[in-house]
Amino acid sequence: MIETFADADALADAAAAWILDGLADGLAARGHATLVGTGGRSPGPVYDRLSRAELDWGRVTVTLSDDRFVSPNHPDSNAGLVRRRLLVGAAAAASFQPLRYDVADEDASAEAAEPHIRPLVPFDVLMLGMGEDGHIASLIPGDPRLAQGLDPAGSRLVQGVPAGLGAPPLPRMTLTLPALASARRILILTSGEARRRVLEGGDVRPVHVLAETTTSPLRVLWTP
Ligand SMILES: O=C1O[C@H](COP(=O)(O)O)[C@@H](O)[C@H](O)[C@H]1O
């Protein structure tokens with residue numbers, strides 16, 4: 001299940017190629033395609049490659065697996081990362097659907113995003129990172145509403161995550177399992193021995209729940 005790459009560049013090359021293939025499939029089949037990006041340290045080099053790729057980006061919508069409830073100018077904003085690294089060059093023609101709205105809190109932001117995310121599901125391509133606790137998107141162990149977010153029959157596609165979880169421990173908005181697992185192809189980028197142990201370990205973490213739930217192709221790309 002885990003594909004090993006010699007370094008971050010080789011991993012990013014493989015990830016970008018598979019993402020572009022999935023977007024091209026979506027464009028050919030439906031005339032429009034959706035890419036879900038993510039935050040953290042892993043996706044930047046993938047975004048760099050995608051931003052230079054030839055694709056009909058004007059017919060692509062980009063959204064996020066999760067974001068922090070901060071302004072897009074904040075250094076911890078995942079939307080900011082996507083705007084700086086992906087939505088430049090050729091890919092600047094893509095549309096962007098945020099999870100963060102200028103409302104009272106993370107729950108209100110998730111509610112505001114929900115009706116905009118719903119028509120995008122099922123996504124053509126979902127790219128995720130994974131934390132050392134096995135979290136994907138911001139479905140983070142310790143969240144009192146984790147079970148709700150991991151309910152395959154749950155009615156919500158986006159939910160708020162309270163402050164105090166993950167790093168940085170900011171309030172967040174996350175896609176839920178029904179939104180994630182229905183994606184047509186799923187890619188998980190990860191690195192380091194600790195994360196590999198989590199992937200191969202016996203404890204069931206959110207990453208394992210996703211892998212058990214989805215019926216779509218799922219690739220886990222890993223580099224030491
Ligand atoms: O907090 C987050 O962490 C995960 C994993 O990040 P990484 O730094 O280990 O690559 C990320 O996928 C998620 O979007 C982000 O909000």
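The following exercises, each with a worked solution, concern a predicted model of a protein chain.

**Exercise 1. The sheet**

Task: Determine the order in which the strands of the open sheet are arranged, and state which strands are at its edges.

Solution:
1. The open sheet has 7 strands, and their order is 1-10-9-6-2-3-5.
2. The pairing in this sheet is parallel.
3. Strand 1 (2-4) and strand 5 (95-96) each pair on one side only, and they are the edge strands.
4. As general background, strands of a sheet pair through backbone hydrogen bonds, either parallel or antiparallel.

**Exercise 2. Strand 9 and its partners**

Task: Describe how strand 9 pairs with strand 10 and with strand 6, and decide whether strand 9 is largely enclosed or not.

Solution:
1. Over 6 bridges, strand 9 pairs in the parallel sense with strand 10, residues 218-223.
2. Two residue pairs illustrate this pairing: Ile-186 has Leu-218 of strand 10 as its bridge partner, and Thr-190 has Trp-222.
3. Strand 6 also pairs with strand 9 in the parallel sense, here over 4 bridges. Val-125, for instance, has Arg-185 of strand 9 as its bridge partner.
4. Of the 7 residues of strand 9, 6 are buried; therefore the strand is largely enclosed by the rest of the structure.

**Exercise 3. The largest pocket**

Task: Give the volume of the largest pocket, and state which residues lie nearest its centre and which strand gives the most to its lining.

Solution:
1. The volume of the largest pocket is about 440 Å³.
2. Its lining consists of 21 residues, and those nearest the centre are Gly-40, Arg-41, Gly-131, His-135 and Arg-195.
3. Two elements, strand 4 (66-68) and strand 9 (185-191), give two or more residues to this lining.
4. Strand 9 gives the most, with 3 residues.
5. By character, the lining residues of the largest pocket comprise 4 nonpolar, 10 polar and 7 charged.

**Exercise 4. The surroundings of His-135**

Task: Locate His-135 in the chain, decide whether it is buried or exposed, and identify its polar side-chain partner.

Solution:
1. His-135 belongs to the loop between strand 6 (125-128) and helix 5 (146-149).
2. The relative accessibility of His-135 is 15%; because buried means under 20%, His-135 counts as buried.
3. The side chain of His-135 makes a polar contact of 2.7 Å with the side chain of Asp-133.
4. Apart from neighbours within four places in sequence, His-135 is in contact with Gly-129, Met-130, Ile-140, Pro-141 and Pro-206.

**Exercise 5. Backbone geometry**

Task: Identify the cis peptide bonds described at Pro-122 and Pro-168, and state the sign of phi at Ala-137.

Solution:
1. General background is needed here: most residues other than glycine have a negative phi, and most peptide bonds are trans.
2. The bond from Val-121 to Pro-122 is cis, with omega near 5 degrees. Pro-122 is in the loop between helix 4 (106-117) and strand 6.
3. Ala-167 and Pro-168 are likewise joined by a cis peptide bond, with omega about 0 degrees. Pro-168 is in the loop between strand 7 (158-161) and strand 8 (172-175).
4. Ala-137 is not a glycine, yet its phi is positive, at about 50 degrees.
5. Ala-137 lies in the loop between strand 6 and helix 5, and at 6% relative accessibility Ala-137 counts as buried.

Key: Residues numbered from 1 in each chain as written. Predicted model: local features only at pLDDT ≥ 70, side-chain atom pairs only at ≥ 80, totals over all residues. Heavy atoms only, no water. Buried < 20%, exposed > 50% of the residue type's maximum accessible area, 1.4 Å probe, protein only. Polar contact = N/O pair within 3.5 Å; in protein donor to acceptor, adjacent residues only side chain to side chain. Contact = heavy atoms within 4.5 Å. 1 Å grid on protein atoms, 1.4 Å probe; cavity = no way out; pocket = protein on both sides within 12 Å on 5 of 7 lines; lining within 4 Å. Points joined across faces, edges and corners; volume = space filled by probe spheres on them. Nonpolar A, V, L, I, M, F, W, Y, C, P; charged D, E, K, R; others polar. Pairing = 2+ DSSP bridges.
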